[in-house]
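Work through the following exercises with the sequence and the model side by side. Each task is followed by a solution that goes step by step.

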Protein chains: 2
Amino acid sequence: MSTLFERHQKTLDDAVSAIRSRAYFSAYPEIPSGKIYGETARKDGQAAFQGALNNAFAIDQPASGAVGAEQSPYGFDLGITYPKPDLDTLLPAAEAAMGAWKHTDAETRVGVCLEILHRLNKRSFEMGFAVMHTTGQGFMMAFQAGGPHAQDRGLEALAYAWEELQRCPRTATWEKRVGKEETVVLNKTFRVVPRGVGVVIGCSTFPTWNSYPGLFASLVTGNAVVVKPHPGAILPLAITVRIAREVLTEEGFDPNLVVLAADAHDDPITKTLVTRPEVRIIDYTGGSPFGEWIEANATQAVVYTEKAGVNSIVIDGLDDMRAVSGNLGFSLSLYSGQMCTTSQNVFIPRDGVDVGGEHKSFDDVASAIIKAVDWLLGDAKRGAEILGAIQSERTLARIDQTAAEGGTVLRPSGPVENEMFPDARVRSPLIMKVDAADEKLFMREMFGPIVYFIATDDTKQSLELATRAAREHGAITCALYSTDASVIAAAEEATADAGVPLSCNLTGSIWVNQSAAFSDFHVSGANPSGNATLCDPAFVVGRFRIVQSRIPVSQAAPVG
Amino acid sequence: MSTLFERHQKTLDDAVSAIRSRAYFSAYPEIPSGKIYGETARKDGQAAFQGALNNAFAIDQPASGAVGAEQSPYGFDLGITYPKPDLDTLLPAAEAAMGAWKHTDAETRVGVCLEILHRLNKRSFEMGFAVMHTTGQGFMMAFQAGGPHAQDRGLEALAYAWEELQRCPRTATWEKRVGKEETVVLNKTFRVVPRGVGVVIGCSTFPTWNSYPGLFASLVTGNAVVVKPHPGAILPLAITVRIAREVLTEEGFDPNLVVLAADAHDDPITKTLVTRPEVRIIDYTGGSPFGEWIEANATQAVVYTEKAGVNSIVIDGLDDMRAVSGNLGFSLSLYSGQMCTTSQNVFIPRDGVDVGGEHKSFDDVASAIIKAVDWLLGDAKRGAEILGAIQSERTLARIDQTAAEGGTVLRPSGPVENEMFPDARVRSPLIMKVDAADEKLFMREMFGPIVYFIATDDTKQSLELATRAAREHGAITCALYSTDASVIAAAEEATADAGVPLSCNLTGSIWVNQSAAFSDFHVSGANPSGNATLCDPAFVVGRFRIVQSRIPVSQAAPVG
């Protein structure tokens with residue numbers, strides 16, 4: 001029995017209870033407060049981040065040179081270099097590292113993984129700055145989504161893995177009467193056998209939140225993991241890998257169980273990496289075309305993908321315009337629409353809707369939401385924090401193209417000043433009005449702060465378009481505002497059939513783009529937005545197999 | 001709550017206990033006795049089989065013409081025709097049938113599936129004759145493997161599915177304090193959404209045993225199932241489909257939830273069928289090349305395969321030659337080596353082994369096993385029952401080719417008389433002696449009654465070759481005979497790493513080619529012999545997804 005397992009067992013037990021009940025739970029505090037994290041935590045975290053800038057990031061792993069050219073979306077080069085991987089030495093090293101790890105017991109592996117999460121949690125401020133200056137998220141969001149929320153998602157994967165590893169007993173006695181005088185008695189032993197080397201491919205916008213589930217699910221089930229960050233967001237995963245290696249080394253395991261495979265935009269390694277025969281598990285987060293390429297080509301591996309989609313909001317009717325527009329204004333502005341859960345298409349009947357007993361036109365509803373966006377961004381400090389910065393130049397270019405492609409500009413996108421970072425790449429949301437007939441405009445993923453308000457015949461058409469978008473292009477979220485129980489029930493059925501989770505009538509401090517670990521299944525796996533869910537049993541069970549042995553009980557060695 | 005569920009709940013509960021403990025369990029009696037199945041059961045079953053011969057097998061499903069040209073390996077044409085499927089009507093019909101089925105509760109679906117198994121059990125004699133005269137199995141084996149053992153494997157899949165369908169609660173309340181005065185309370189609903197139409201591809205040797213797990217796992221999780229039998233073994237699955245449709249109809253569901261898609265050797269439909277966009281789940285049993293084709297090409301579906309492999313026996317040392325040779329003689333003769341679990345390669349050190357304290361040469365060991373084979377087949381009736389008949393002409397041709405390819409014939413294969421069926425296609429096992437260096441001969445799958453006795457340097461080399469065969473060509477079983485605890489321990493590790501289950505020192509009434517439902521994992525999924533296991537959680541969880549909806553608790557309709 002491992003000491004680390006005992007030390008963190010309550011965290012694990014609480015997490016297991018949570019995934020069974022799917023009630024609210026969080027193991028890692030989301031408030032970036034000195035009272036929780038220590039009075040100097042923020043300062044220490046900032047100092048650690050600043051100390052990393054313009055330096056080589058040391059990881060003692062097989063490497064051949066250096067790589068790295070991250071730029072903060074807030075307007076400066078990070079100047080950090082990382083070990084450049086040589087796959088011909090890195091992959092065999094990772095494979096060899098599995099020897100002792102796969103033979104140790106599940107308690108020991110879970111204990112090590114829980115300790116890694118614990119140390120990551122202590123470093124949440126440092127991680128916050130690292131995530132902020134690679135993804136462009138505002139600090140508060142970077143702290144939460146990059147730190148405790150990502151850690152919670154990692155813990156959730158550990159909880160599922162722990163449950164799955166208990167499903168089959170380690171030994172059994174099998175006794176069958178086979179004749180009047182003969183009984184066969186066998187001792188059976190069931191061994192967990194890891195699948196092989198896992199690769200986790202991070203994205204540029206949520207490098208830790210989307211990577212931790214795969215990383216921990218593969219590691220805890222006995223596999224080695226190669227962490228392949230997006231070239232624009234290496235630092236958060238490099239910190240993660242270094243902490244994982246520290247804990248593994250301290251516990252007497254080979255640190256090459258977790259290695260970094262950083263690459264450069266102009267010299268990508270992912271296609272080569274994911275088709276290597278040693279690689280047996282792949283977790284991918286990113287754009288749909290490359291995700292589909294991996295699904296079709298990395299046939300030697302089990303592939304879990306979270307890709308992209310076209311998320312919708314259907315407005316059928318509501319009680320309180322201000323509560324709804326405030327919620328949507330924030331939701332559409334947050335991190336400039338760069339969340340995979342952000343809504344792109346807002347369907348509103350062209351003849352308007354009922355709002356608290358009063359008829360409101362399409363334009364009334366549209367104006368109310370736009371007014372909420374304008375109010376939120378009107379305060380410079382609040383606006384900068386909500387919007388963050390645009391991660392990539394391609395997203396920036398997309399905004400301007402979109403306005404020119406058709407439809408009516410209801411709210412132009414424009415630069416927004418960030419007082420702390422004057423060179424930050426900031427744009428406010430572009431809101432276009434289009435007609436339900438303009439499918440070529442809105443029936444496609446337009447990543448970034450781009451929103452279509454779409455005039456439909458009625459809610460039936462709105463739902464038909466929202467679910468068809470999910471079926472054909474994928475969708476990770478769908479929101480509905482309705483006061484009609486039959487409309488809600490119909491939407492629940494229709495979205496379930498389209499494999500997209502539905503959020504009804506959210507107001508106040510809960511938004512459609514939020515997905516809570518231990519309770520919300522993130523990505524259903526039932527439409528083209530991805531084939532896997534964070535987290536469910538299916539996310540874990542493919543990462544290991546059980547191989548048995550059996551021997552007559554009279555001849556069996558004592559069970560060890 | 002469904003009446004059928006209540007009626008069969010004890011069977012389900014017992015099965016769930018068994019998969020948790022992996023102790024011995026069987027729900028359906030394996031003894032073909034009138035006391036259990038009714039005094040007229042055998043006669044009735046035979047009459048039903050004979051009544052089916054030279055007739056059209058009626059299934060009221062969308063069809064366009066007739067197909068079917070089965071021949072009994074015992075030497076006569078069955079003369080049965082089946083509805084010829086038109087996929088353009090059959091697949092939409094199956095898809096449409098899912099409507100009410102997927103929305104009903106899990107209890108109802110499980111109840112229906114348990115009733116189907118119950119009725120199949122009552123028809124075990126009829127099934128025994130149908131399996132015997134399509135696969136060539138002897139009657140006793142056909143009854144057991146085609147009837148109760150297959151039903152047990154189906155029940156095992158139901159038990160896993162039932163457990164998985166309970167894993168996530170149907171509703172939850174999520175309550176999060178988000179500020180000093182604000183708490184968000186959401187009602188969440190979690191819906192099981194089936195993946196789509198499943199296809200189950202049967203094989204010619206175990207049409208029901210290998211098909212029932214996929215059939216029941218897909219059906220019970222809300223999917224429709226298209227059953228595609230091997231053109232040489234349609235009848236057992238046609239009987240199964242007709243019974244399933246009867247129960248579905250009686251319970252008010254659309255019978256097209258289970259449809260038959262029979263085809264002909266010279267007009268195969270499988271490639272077209274498995275790549276249709278409606279098909280989202282595939283269960284395949286059969287040869288490796290076609291299984292690999294499906295894995296690589298049916299990328300729109302979740303694919304579960306059981307293919308083939310090269311199974312080994314490693315002889316290191318033993319106590320009682322007679323007990324071991326008797327066990328191996330039966331094991332190697334049973335159903336003429338046409339089980340996917342039959343051993344092909346028997347590794348024996350060229351310098352011999354220790355047998356009960358006495359040194360025995362390679363030839364001594366080889367002779368003892370051959371003598372056991374000869375003794376078993378020496379009695380005509382017993383021999384006919386053990387050997388059964390050769391399912392396919394290709395297997396027959398392979399035997400003669402093998403003898404000519406190299407190595408020394410230790411025991412020639414020859415025709416064996418079957419008194420009841422003089423035209424039966426019967427051959428006794430061919431046993432060849434080759435050297436460990438002759439890899440081109442034994443490092444390949446040679447399906448049928450073909451056995452290589454391989455002279456090795458020592459047990460270390462034997463194990464190396466056995467596990468390399470598993471890694472490179474797949475393996476479903478491995479047997480070891482050793483009296484040395486350290487050899488056993490090393491073999492357990494090595495075979496686990498190669499993904500092949502190990503059977504140690506089996507003697508008496510338990511054979512390496514036996515795989516018991518509820519306890520033995522059949523195929524590990526960890527080497528090229530297949531990617532799935534009968535049965536484990538992974539076999540079930542990919543057949544459905546969970547899609548959630550959430551709504552503030554103040555606005556939620558009462559949970560229904």
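Among contacts in chain A between residues at least 6 apart in sequence, 74% join residues at least 24 apart, a contact being two residues whose C-beta atoms, placed from the backbone, lie within 7 Å. This is a predicted model, in which local features need pLDDT of at least 70 and side-chain atom pairs count only at pLDDT 80 or more, while totals for chains, interfaces and linings use all residues. Residues are numbered from 1 along each chain as its sequence is written, and chains are lettered from A and ligands numbered from 1 in the order in which they are written.

**Exercise 1. Compare the radius of gyration of chain A with that of a compact globule.**

Step one is the expectation: the globule rule takes 2.2 Å times the number of residues to the power 0.38, with the radius taken over C-alpha atoms. For 560 residues this gives a value near 24 Å, and because chain A has 25 Å, the two agree. Step two is the extent, since the C-alpha trace of chain A spans about 85 × 65 × 45 Å along its principal axes. Step three is burial: 61% of the 560 residues in chain A are buried, that is, have 20 or more other C-beta atoms within 10 Å of their own, the C-beta atoms being placed from the backbone.

**Exercise 2. Into which domains is chain A divided, and how do they touch?**

By an automatic or database domain assignment, domain 1 of chain A takes in 3-15 + 32-307 + 532-548, and domain 2 takes in 312-504. The contact between them uses 15 residues from domain 1 of chain A and 16 residues from domain 2 of chain A. The centres of these two domains, taken over C-alpha atoms, are separated by 33 Å.

**Exercise 3. Check the length of helix α19 of chain A and find what covers its buried residues.**

Helices here are DSSP runs of H or I with at least four residues, and strands are runs of E with at least two, numbered from the N terminus. The expected span is 1.5 Å times one less than the number of residues, so the 13 residues of α19(A), 485-497, should span 18 Å, and the end C-alpha atoms are indeed 18 Å apart. The buried residues of α19(A) are Ile488(A), Ala491(A), Glu492(A), Ala494(A), Thr495(A) and Ala496(A). An α-helix has 3.6 residues a turn, so residues three or four places apart point the same way. The cover over the buried residues of α19(A) includes elements of both chains, among them α18 and β20 of chain A and β6 and β22 of chain B. After α19(A) comes Gly499(A), with a positive phi near 70°.

**Exercise 4. How many residues of each chain meet in the contact between chain A and chain B?**

The contact joins 59 residues of chain B to 62 residues of chain A. On the side of chain B that touches chain A, β22(B) gives the most, with eight residues.

**Exercise 5. Is Ile476(A) buried or exposed?**

Ile476(A) lies in the loop between α18 and β20 of chain A. Because Ile476(A) has 28 C-beta neighbours inside 10 Å, this loop residue counts as buried. Leaving out residues up to four places away in sequence, Ile476(A) touches Gly309(A), Asn311(A), Cys340(A), Thr341(A), Val523(A) and Ser529(A).

Notes
Buried ≥ 20, exposed ≤ 12 C-beta atoms within 10 Å, placed from the backbone.
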